Each structure stands twice: as structure tokens, then as C-alpha cells.
Amino acid sequence: MEEKPGQYGSLGGLVAGVREAYESGRTKEVEWRQAQLRGLIRMVTEEEDAIFDALHEDLGKHRVESFRDEVGVLVKSLRNTLQNLKNWAAPEKAQVPLISFPCKALVVPEPVGVVLIFSCWNLPIGLALEPLSGALAAGNAVVLKPSELAPSTAAFLAANIPRYLDAKAVKIVQGGPEVGEELMEHRWDKILFTGNARVGRIIMTKAAKHLTPVALELGSKCPCIVDFLYSKRDCQVAVNRIIGAKWSTCAGQACIAIDYILVEERFAPILIELLKSTLKRFLTEPGFMARILNEKHFHRLRGLLEGHEVKSSIVHGGHADLKTLRIEPTILLNPPLDSDIMTEEIFGPLLPIITVKKTEDCIAFLKPKPKPLAIYAFTNDEKLKQRIVAETSSGSVTFNDAIVQYGLDSVPFGGIGQSGFGQYHGKYTFELFSHRKTVLRRSLLLEFMFRYPPWDEHKMRMLRRVFRFDYVSLVIALLAFWLLGLRR
Ligand code: NAD
């Protein structure tokens with residue numbers, strides 16, 4: 001069952017046990033990896049209701065939202081990994097130059113070893129099991145520390161993972177920052193951390209002690225450019241998708257949720273009216289939007305609305321109920337750019353709209369800002385799309401939709417700069433937790449002495465030919481030396 005710090009006197013015993021399981025070699029077997037993936041699929045499908053309950057307890061998520069964002073997308077990804085595992089794990093042939101004949105080169109993916117995963121509370125199933133599945137597919141043993149801030153989900157994982165997976169090679173460690181820090185005292189072969197940049201820095205600093213490579217999945221302010229859209233239908237589709245990516249994904253508590261909108265002045269009133277009327281149609285019951293995680297985050301979000309200038313920029317919503325931890329979908333028009341709501345990651349159901357004279361001005365607005373996890377733009381202007389891709393930098397760019405890139409197994413997911421580094425999802429998760437080992441097989445048949453001293457100008461010329469792949473002249477030169485009896 002669940003492993004708690006202290007069960008072995010300290011976490012040291014637990015970590016040693018996981019390493020022992022890795023050293024046994026069984027995690028490297030493809031059959032073992034497949035069995036773990038099948039176990040995960042069984043767990044998530046058989047325990048679907050228990051997962052929905054846990055997500056509802058932790059975050060008030062509706063079961064349909066939980067299925068869309070956590071269970072459905074995860075099972076799809078697990079099946080994709082299971083289906084492709086043999087291919088991904090197979091050695092890849094690499095080209096070698098003719099001069100090295102006879103020779104074969106292979107790139108062999110090998111597990112990195114024992115992996116530590118820290119997951120976050122907002123998608124507490126997906127952010128735990130997506131990286132776990134890739135780490136297991138790559139043949140590693142894993143310790144997973146779920147976020148203590150989603151306690152029902154953490155308890156679910158601790159109770160169920162040992163029932164469905166190899167309980168010696170996969171451990172769940174529950175606890176808060178002190179447990180996280182204790183885990184970081186041990187040696188790991190790779191660490192994936194999802195959370196805020198402050199803790200990310202602690203993780204990276206501690207990992208340096210053992211030279212452990214880390215991947216940091218952090219937060220940012222993801223902007224969404226809304227171009228002037230002429231067709232009524234296009235406007236409505238854009239608004240549906242903006243609402244989906246702001247309020248219907250954990251109430252905006254998502255790293256790739258839209259943080260704020262940039263729009264031309266003339267289009268802002270139309271956009272706001274459409275947002276209001278569509279919100280009314282979509283969120284007909286309070287339970288159709290998740291609640292705020294806890295009182296601390298509730299007060300943080302309320303704090304973002306403080307200040308006269310910010311308050312007076314609210315054009316919709318603004319009500320908050322501490323008892324239910326619910327904050328109404330709130331829209332602000334042009335809050336001051338130096339206010340906290342425009343300088344900090346919002347991570348909640350508040351949406352500032354910032355107006356610009358011309359849509360193209362958005363690019364100059366974004367350029368000096370820290371690189372976000374995602375940039376979104378609703379536009380039919382191909383030139384603008386090209387400029388956004390070429391002139392801005394971010395983890396991803398999505399046109400005419402938002403947040404859906406998270407669900408794709410075929411593209412990497414991750415940040416750049418202050419939004420983190422290291423990419424995963426689909427094959428990229430497998431690669432994140434694998435080392436690509438070069439295996440070169442040469443033969444002792446042919447030997448060229450010009451690669452060794454004593455040096456002279458002839459050898460220099462031969463080496464120049466080799467690096468230019470100038471085989472004709474190389475063969476002629478070799479023959480000449482051979483015929484002249486000058487073989488070296
Ligand atoms: P959190 O509090 O759940 O923390 C994440 C993990 O770090 C938890 O397991 C926690 O126990 C652990 N932790 C906390 N303090 C620690 C310490 N001192 N030492 C070791 N471990 C410690 O999450 P949070 O920080 O509230 O996360 C919110 C942030 O995460 C936001 O900025 C959000 O954008 C970002 N996020 C990023 C992604 C992504 O994929 N890039 C996904 C979700 C959230």
C-alpha cells in the first residue's frame with residue numbers, strides 16, 4: 001500500500017528499494033514496460049468513478065470536464081504509447097561514412113535509471129500519470145510525489161498504483177514541501193518537476209549536487225491575440241474556444257490557460273458582449289466550472305482584483321464566495337499594465353482584455369515579455385500567423401484554438417526560458433526519460449596508418465581528403481603510395 005516517510009526510518013530505504021528494483025534489470029524488459037502501461041490503462045478505466053470523485057473533492061471538477069481533460073486524454077495517450085512502444089524502444093540505424101567501412105552505427109535508447117516525478121495539483125491525474133507512463137515505457141523505476149494540495153487524488157494514487165503496477169519499482173510518496181525536500185537529498189537519474197518557478201529553482205539547485213538532469217514544467221502568462229474577425233460564425237467559434245480555454249479548464253487554473261487577451265480597440269466591445277452572452281449559455285450551473293483550489297489561492301485571486309484602477313476595469317463578474325471557493329468568470333478591460341493582474345500569472349477565472357490600435361501591434365507588445373508556454377491567436381490573416389511564428393518565442397503557438405495542443409501525442413509539450421525546459425507527451429516523454437546510447441561496431445579488417453603519428457604533410461593531406469569525403473582522390477593517393485612502396 002501507500003509508502004510514507006518514516007516507514008523505513010527515512011525515505012532512504014524506499015529510494016534504495018526502488019533502485020534495487022531497477023538494478024534487478026526487469027524494468028528494462030519490454031514485456032515489463034507493456035505490463036505497466038496495461039496496468040495504468042486498467043487502473044484509469046476501472047477506477048474512473050473514483051478518479052472523478054477525487055477530482056471533484058479536490059477541485060470541484062465536473063465529471064465531463066474530468067473525463068475530457070484527465071481520463072479520456074490520458075487513456076488515449078497510454079494506448080498510443082503501448083502501441084508504439086516496441087518501435088520507440090528499438091535501436092535506430094545511423095549512417096556512417098564509407099571511409100569507416102566495415103562499420104555499423106546504432107542509436108540505442110536505454111532507460112536513464114531511477115526517476116523522480118513531482119506533479120502539480122491542477123491536473124493532478126494527467127500531470128502525474130502522463131510523465132509516469134513515459135518513464136515506465138522507457139524502462140525506468142519511478143518515485144512519484146503527487147501534490148499535497150490535491151489530497152484526494154494523491155490518496156487515490158497512493159492506494160491504487162501499487163495494486164495495478166509493479167509495487168517495488170513504482171512508489172508513490174505523499175507529503176508536502178518538507179517531503180519534497182527530503183526526496184531531493186537523494187540521488188536520482190532524472191527529475192521532472194511541474195509547479196512554480198520558485199520551487200523549480202530549489203529543485204534545480206539541489207539536483208546540481210548529484211549532477212542530476214532536470215526537466216522543469218513551469219508557469220507563465222499565455223497571451224491570446226484576437227484579430228478582427230469579419231464573419232459572425234468565426235467570432236462565435238473563437239469565443240466558444242476562448243471560454244473553453246479560460247473558464248472550462250479547471251476554472252483557468254491551468255498552465256496553458258489563456259491568461260489575457262490582446263485585441264483591436266474597435267473589436268473589444270463586440271468581443272466582450274459575445275463573451276458575456278456565451279458564458280451565460282455555457283455556465284448554466286455553478287457546478288459546470290471548477291472551484292478555486294483553496295482559501296490561499298482564493299485570496300490571491302481576490303488580491304489581483306484589488307486597487308481602484310483594476311476594480312474599475314471590471315466589465316463582467318467580479319463576485320467571489322469564500323464559502324464555496326467560487327469566483328465568477330470575470331472580465332477586465334484595460335487594467336493597468338503594471339498591476340499585479342498584468343504582471344503575475346493569473347491561474348484563475350479572471351480575464352483581462354488589453355486593447356491595441358492594430359492587431360499587428362500585439363507582436364511588439366509580446367516581444368519584450370518572458371517567453372510563455374503558449375501563444376494563441378484567432379485570426380485568418382496568414383501574414384500575421386507567419387509573423388507570430390517568426391518573431392515571437394514560446395513553448396507552442398496555436399492558431400484559432402487554445403489549450404488543445406495539450407491533447408496531442410505527436411507534438412512536444414513544454415516551455416522555454418522562464419516557462420521551463422524539457423519536453424514531453426507521446427514519444428517525447430519516452431525520449432525525455434531515455435538516454436540515446438551510441439553503439440558503434442567496427443571491424444579490425446582495414447587500417448589506415450595516416451590517422452596516427454609520426455606526423456608529416458602527406459598524412460595531413462590524406463586527413464583533409466577524408467574529412468572532405470573526397471574518396472576518389474583518397475583512393476588514388478593510397479594506390480600511388482602503395483605502388484611506390486611507400487605504405488605507412
Ligand atoms: P504545487 O504546490 O502542487 O507544487 C508542485 C510540487 O512541488 C508538489 O509536489 C509540491 O509538494 C512540491 N514542492 C513544493 N515545495 C517544494 C519544495 N520546497 N521542495 C520540493 N518540492 C516541493 O504546485 P504550484 O507551485 O502551486 O503550481 C502552480 C504552478 O505550476 C503555476 O505556475 C502553473 O502554471 C505551473 N504549472 C505548470 C504546468 C506545466 O506543464 N508547465 C502544469 C501545471 C502547473
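**Entry 1: ground rules and the annotated stretch**

Helices here are DSSP runs of H or I with at least four residues, strands are E runs of at least two, and I number them from the N terminus. I'm working on a predicted model. First I pulled up the record: UniProt, in an unreviewed entry, puts the feature "domain: Aldehyde dehydrogenase" at residues 19–439. Over residues 19–439 I get 42% helix and 19% strand. The C-alpha atoms at the two ends of that stretch sit 25 Å apart.

**Entry 2: α2 against α5**

Next I looked at a helix pair. How do the axes of α2 and α5 cross? Helix α2 covers residues 30–46 and helix α5 residues 126–137; their axes come within 8 Å and cross at roughly 160°. Angles over 145 degrees count as roughly antiparallel, so I log α2 and α5 as roughly antiparallel to each other.

For the contact itself, I list Trp32, Arg33, Gln36, Leu37, Leu40, Met43 and Val44 on the α2 side. On the α5 side, I have Leu129, Leu132, Ser133, Leu136 and Ala137. Sorted by class, that contact holds nine nonpolar, two polar and one charged residues.

**Entry 3: Thr81**

I then clicked on Thr81, which is in helix α4. Buried or exposed, I wondered about Thr81? Its relative accessibility is 3%, so I call Thr81 buried, the cut-off being under 20%. Skipping neighbours within four places in sequence, I find Thr81 in contact with Leu37, Trp88 and Ala137. I had already met Leu37 in α2 and Ala137 in α5, in the contact of those helices. Trp88 gets a closer look in the next entry.

**Entry 4: aromatic rings**

I ran the ring search over the whole structure, and it returned 10 aromatic pairs. One of them is Trp88 with Phe430: the ring centres are 5.9 Å apart and the planes make 55°, so I note the pair as tilted. Where in the chain do these two rings come from? Trp88 is in helix α4 (residues 63–89) and Phe430 in helix α16 (residues 427–432), so the pair links distant parts of the chain, with the two positions 342 residues apart in sequence. I checked accessibility too: Trp88 is buried at a relative accessible area of 12%, and Phe430 is buried at 3%.

Then I opened Tyr406 and Phe413, an aromatic pair that is edge-to-face, with 5.4 Å from centre to centre and 90° between the planes. Both of these residues are buried. I also wrote down one aromatic cluster, made of Phe228, Tyr230 and Phe267.

**Entry 5: cis peptides**

Which residues does a cis bond join in the loop ahead of β2? I find Phe101 and Pro102 joined by a cis peptide bond, omega about -5°. Pro102 is in the loop between β1 (92–94) and β2 (103–111). Another cis peptide bond joins Pro453 and Pro454, with omega about 0°. Pro454 is in the loop between β18 (434–442) and α17.

**Entry 6: the β11–β12 loop**

The loop between β11 (320–321) and β12 (326–327) holds Lys323. Lys323 comes out at 80% relative accessibility and counts as exposed. I took its C-alpha distance to Glu295 as well: 9.2 Å in space, with the two positions 28 residues apart in sequence.

Leu325 lies in that β11–β12 loop too. What caught my eye is its backbone: Leu325 has a positive phi of about 55° although it is not a glycine. Leu325 is buried, at a relative accessible area of 13%, whereas Lys323 is exposed.

**Entry 7: α17, α18 and the loop joining them**

Last stop: helix α17 (residues 457–467) and helix α18 (residues 471–483), which pack at about 150° with their axes 9 Å apart. That angle makes α17 roughly antiparallel to α18. Which residues meet across α17 and α18? From α17 I get His458, Met462, Arg465 and Val466; from α18, Ser473, Leu474, Ala477, Leu478 and Phe481. By class, I log six nonpolar, two polar and one charged residues in this contact.

In the loop between α17 and α18 I stopped at Phe469. Phe469 is not a glycine, yet its phi is positive, about 55°. Its relative accessible area is 52%, so I mark Phe469 as exposed.

Key
Residues are numbered from 1 along each chain as its sequence is written. This is a predicted model: local features need pLDDT of at least 70, side-chain atom pairs count only at pLDDT 80 or more; totals for chains, interfaces and linings use all residues. Side-chain values use heavy atoms; hydrogens and water are left out. Axes are lines fitted to C-alpha atoms, for helices over the stretch in contact, and angles run from 0 to 180 degrees between N-to-C directions. Angles under 35 degrees count as roughly parallel, over 145 as roughly antiparallel, 65 to 115 as roughly perpendicular and the rest as oblique. Contact means heavy atoms within 4.5 Å. Ala, Val, Leu, Ile, Met, Phe, Trp, Tyr, Cys and Pro count as nonpolar, Asp, Glu, Lys and Arg as charged, and the others, Gly among them, as polar. UniProt positions are given in the numbering used here, feature names are shortened, and annotations may be inferred rather than shown by experiment. Rings of Phe, Tyr and Trp (its six-membered ring) pair if their centres lie within 6.5 Å; planes under 30 degrees apart count as stacked, over 60 as edge-to-face and the rest as tilted. Buried means under 20% relative accessible area, exposed over 50%, partly exposed in between (1.4 Å probe, protein chains only).
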